[in-house]
Amino acid sequence: LKFATQSGRSNQRLPLATQQMQHRQLLAACLAAATAALLLTGAASAQCPGHGWTHRAHSCYKWFSEPNYWFQAEQTCLSHRAQLASIQSEQENRLVGRLSHCRDAWIGLFGTDLDRLADPTSYRWTDGGGVGSFERHNFSQLDSVHKPLIRSDGEWWLNSLYHERHPFVCKLSAKSSSLVDWWWRSKGRCPSGWWLHDEQCYVMPQFEANFNEANFYCQRNSSQLASVLTQSELDFVNKLSFGIDSCESAELLDSVWLGLIKLNPCFPDSAGRELCYQWTDFSGKHDNKLPAWETGHPDSADWTVNCVTLSAGRLRSDRCHSRHRFVCKTEASDGNSPPPPSASPPPQVDGLVAAFDFRRGLHNLLDPRTFAIEDQFGVERSAEDGACFKVNSSARYREFYNVGAPVAFNESILSTSEYTMYFRLTVGNKSGVEFLSVRSEHSDPNSYSSLRAELYSSSAEQFVLNVLQRDLGNSTHFTVHNNNHEFNGSGCAANWCDIRLAIKDGILNSPAIREPLRVQYWNSTFDADALALQQLRVGFGSPFYSVARKLCLRCFGVARRRLSSDEVRQAMSTFCP
């Protein structure tokens with residue numbers, strides 16, 4: 001006050017515009033000082049009382065999972081200076097429903113007159129208010145006058161008996177929320193759309209993915225699949241599903257991927273316990289305590305179940321190729337440096353729907369929702385060569401990747417008039433190898449090929465790319481289009497080469513970035529053969545090659561149109577440098 005008085009006295013001799021500017025500067029300095037004082041004295045945590053509370057609008061909410069009687073639940077809330085939750089709007093009702101995982105939970109509504117329980121005006125909230133314009137009371141289930149207490153079940157309110165025990169939701173008024181909320185938002189400690197909790201930022205993307213796709217998505221956004229290390233963090237991650245419309249769609253979020261995977265073999269800890277699961281963000285091994293496992297999990301009998309989801313606060317083991325929503329996590333910015341950037345979309349190649357770099361993982365670099373690759377055989381991969389496929393010598397066991405889900409021929413990309421696939425590959429000798437196939441029946445490796453691409457040696461100095469594709473023809477026959485392109489030198493034998501299969505109406509157009517020495521096309525006609533479910537296969541798809549063959553593949557891409565050589569180079573430089 002003294003400073004302001006002196007400043008005002010000295011301004012008497014200054015021009016009016018200068019005085020106004022100094023007053024604005026003084027006001028800004030006072031606001032900054034007040035904000036800093038609030039933060040230093042704990043106002044940043046004054047919105048809600050502590051861990052496990054959720055701040056919405058002007059209130060704080062907390063779900064207590066341990067079932068209790070209604071009266072004891074209210075006493076627990078009072079011990080936190082709160083009361084059983086009152087609900088005044090559709091948005092608040094949805095929030096309470098999601099807090100309680102869309103299951104039974106006590107709320108603060110009770111009947112004041114046992115003879116008038118079918119009358120909404122006879123009910124009161126424990127915070128003193130009556131039922132207002134909003135209510136979700138389901139009186140159709142009121143089958144006894146001895147049910148004056150109300151619980152929520154998803155988003156409906158049901159009458160209950162005195163001796164029932166349920167989890168419950170407490171609510172209290174938030175304090176100092178507007179100024180502190182503004183301060184935290186202005187500092188930008190998390191990327192846009194992410195949530196801040198205990199110095200960490202979290203996001204739940206709005207689509208499903210398998211474990212590998214989810215892990216790669218998080219990494220591209222400077223984060224990791226979430227680990228859950230404390231009860232507070234578990235409560236918070238459970239709440240990230242609030243963004244869905246309502247409990248009616250809660251089944252869409254029955255499970256979400258966490259960054260927890262199975263170790264093989266397990267490792268004993270200092271107490272001799274078997275620790276079989278580890279967090280992918282290197283925060284350590286799961287101690288089998290928090291989060292707890294769902295009854296019947298983990299499934300130790302099935303060796304293919306190696307990944308983990310979170311469902312209603314408990315862990316479930318699952319196959320890694322299953323599709324679920326997921327949670328990413330990263331450390332918050334300190335407020336002085338910018339937060340981790342959200343992943344910007346890569347440069348676009350028109351029509352490109354899939355791009356893979358097998359040196360980095362089995363991830364579609366464009367969008368994990370459009371195409372997926374599944375490794376069923378444990379293909380050897382390295383940061384140098386990518387995926388290297390082999391044939392087992394005794395059982396003639398062939399390794400390959402399944403690409404996408406099996407589809408009917410007329411629904412697949414092969415049924416379009418034009419498409420492109422590109423590859424960067426090498427063959428370990430000068431013999432030959434098949435690197436792409438689509439079988440007429442995806443479950444039968446010996447069925448006819450509706451598409452096949454292979455490389456083989458024609459001489460010491462020449463290498464041949466052969467591509468076969470057949471169309472549907474008619475009810476009596478189908479046509480096979482054969483495309484042979486012969487290259488100078490050893491081609492792709494023991495050297496990396498780029499191949500582009502740009503096909504229109506069954507005809508291969510300029511298949512490789514280098515020009516071929518000779519090109520041959522011919523068609524053949526065969527009796528009709530029914531096409532069943534199709535699926536792309538990358539790797540060894542033929543039973544006829546020698547076990548001495550070796551194929552390594554770095555890059556693979558798919559486009560729904562013909563790509564030029566320049567467009568393939570652009571895709572390669574972007575997604576497979």
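Buried here means under 20% relative accessible area, so Cys307, with a relative accessible area of 2%, is buried. Keep that cut-off in mind, since this is a predicted model and burial comes up again and again below. The quick tour: an open sheet of eight strands, a nonpolar core of 45 residues with a second, separate one of 18, five disulfides, and a few backbone oddities in the loops.

**The eight-stranded sheet**

- Reading across this open sheet, the strand order is β19-β22-β31-β24-β25-β26-β27-β30, and the pairing is antiparallel.
- β19 (373-375) and β30 (518-527) are the edge strands, each pairing on one side only.
- From one strand to the next, the twist averages 20°.
- Strands of a sheet pair through backbone hydrogen bonds, either parallel or antiparallel.
- At the β30 edge, β27 (residues 477-488) runs antiparallel to β30, and ten bridges join the two.
- To find your way along that pairing, start at Asn484, whose bridge partner in β30 is Gln520.

**Helix α8 and what covers it**

- Helix α8 spans residues 565-575, and its buried residues are Ser565, Val568, Ala571, Met572 and Phe575.
- Look down the axis of α8 and those buried residues fall within an arc of 120°, so they line one face of the helix.
- That fits the usual geometry: an α-helix has 3.6 residues a turn, so residues three or four places apart point the same way.
- The cover over the buried residues of α8 includes four strands: β18 (352-357), β23 (418-427), β28 (497-504) and β32 (551-559).

**The nonpolar cores**

- The largest nonpolar core has 45 residues, and those touching the most other members are Met421, Leu425, Phe435, Leu436 and Phe556.
- β23 supplies the largest share of this core, with five residues.
- Leu425 is a good place to zoom in: leaving aside neighbours within four places in sequence, its contacts are Phe435, Leu455, Cys492, Asn495, Trp496, Cys497, Ile499, Leu551, Cys552 and Leu553.
- There is also a second, separate core of 18 residues, with Tyr202, Ala226, Leu310 and Val327 among its members.

**Disulfides**

- The count comes to five disulfides, and three of them are described here.
- Cys218 and Cys328 are joined with an S to S distance of 2.0 Å, and the link is left-handed, at -80° about the S-S bond.
- Cys218 sits in helix α6 (residues 211-220) and Cys328 in strand β17 (residues 328-331), so this pair ties together parts that are 110 residues apart in sequence.
- Both Cys218 and Cys328 are buried.
- Cys307 and Cys320 form another disulfide, with their sulfur atoms 1.9 Å apart; that link is right-handed, with 95° about the S-S bond.
- Cys307 belongs to strand β14 (residues 307-311), while Cys320 is in the loop between β15 (314-318) and β16 (325-326), so the parts tied together are 13 residues apart in sequence.
- The two ends of this link differ in burial: Cys307 is buried at 2%, whereas Cys320 is partly exposed, with a relative accessible area of 23%.
- Cys388 and Cys552 also make a disulfide, S to S 2.1 Å, and the link is right-handed, with 105° about the S-S bond.
- With Cys388 in strand β21 (residues 386-389) and Cys552 in strand β32, the pair ties together parts that are 164 residues apart in sequence.
- Cys388 counts as buried at 9% relative accessibility, and Cys552 counts as buried at 5%.

**Backbone oddities**

- The peptide bond between Leu290 and Pro291 is cis, with omega about -10°, and Pro291 lies in the loop between β13 (274-279) and β14.
- His297 to Pro298 is a cis peptide bond too, with omega near -5°, and Pro298 is also found in the loop between β13 and β14.
- Arg81 is not a glycine, yet its phi is positive, near 60°.
- You'll find Arg81 in the loop between α3 (70-79) and β3 (83-84), and the residue is exposed, with a relative accessible area of 76%.
- Ser222 likewise has a positive phi without being a glycine, at about 55°.
- Ser222 is in the loop between α6 and β11 (224-225), where it is partly exposed, with a relative accessible area of 37%.

Terms used: Residues numbered from 1 in each chain as written. Predicted model: local features only at pLDDT ≥ 70, side-chain atom pairs only at ≥ 80, totals over all residues. Heavy atoms only, no water. Buried < 20%, exposed > 50% of the residue type's maximum accessible area, 1.4 Å probe, protein only. Arc of directions from axis to C-beta. Contact = heavy atoms within 4.5 Å. Pairing = 2+ DSSP bridges. Axes fitted to C-alpha atoms, helices over the stretch in contact; angles between N-to-C directions. Core = buried A, V, L, I, M, F, W, Y, C linked by side-chain atoms within 4.5 Å. Disulfide = S-S within 2.5 Å.
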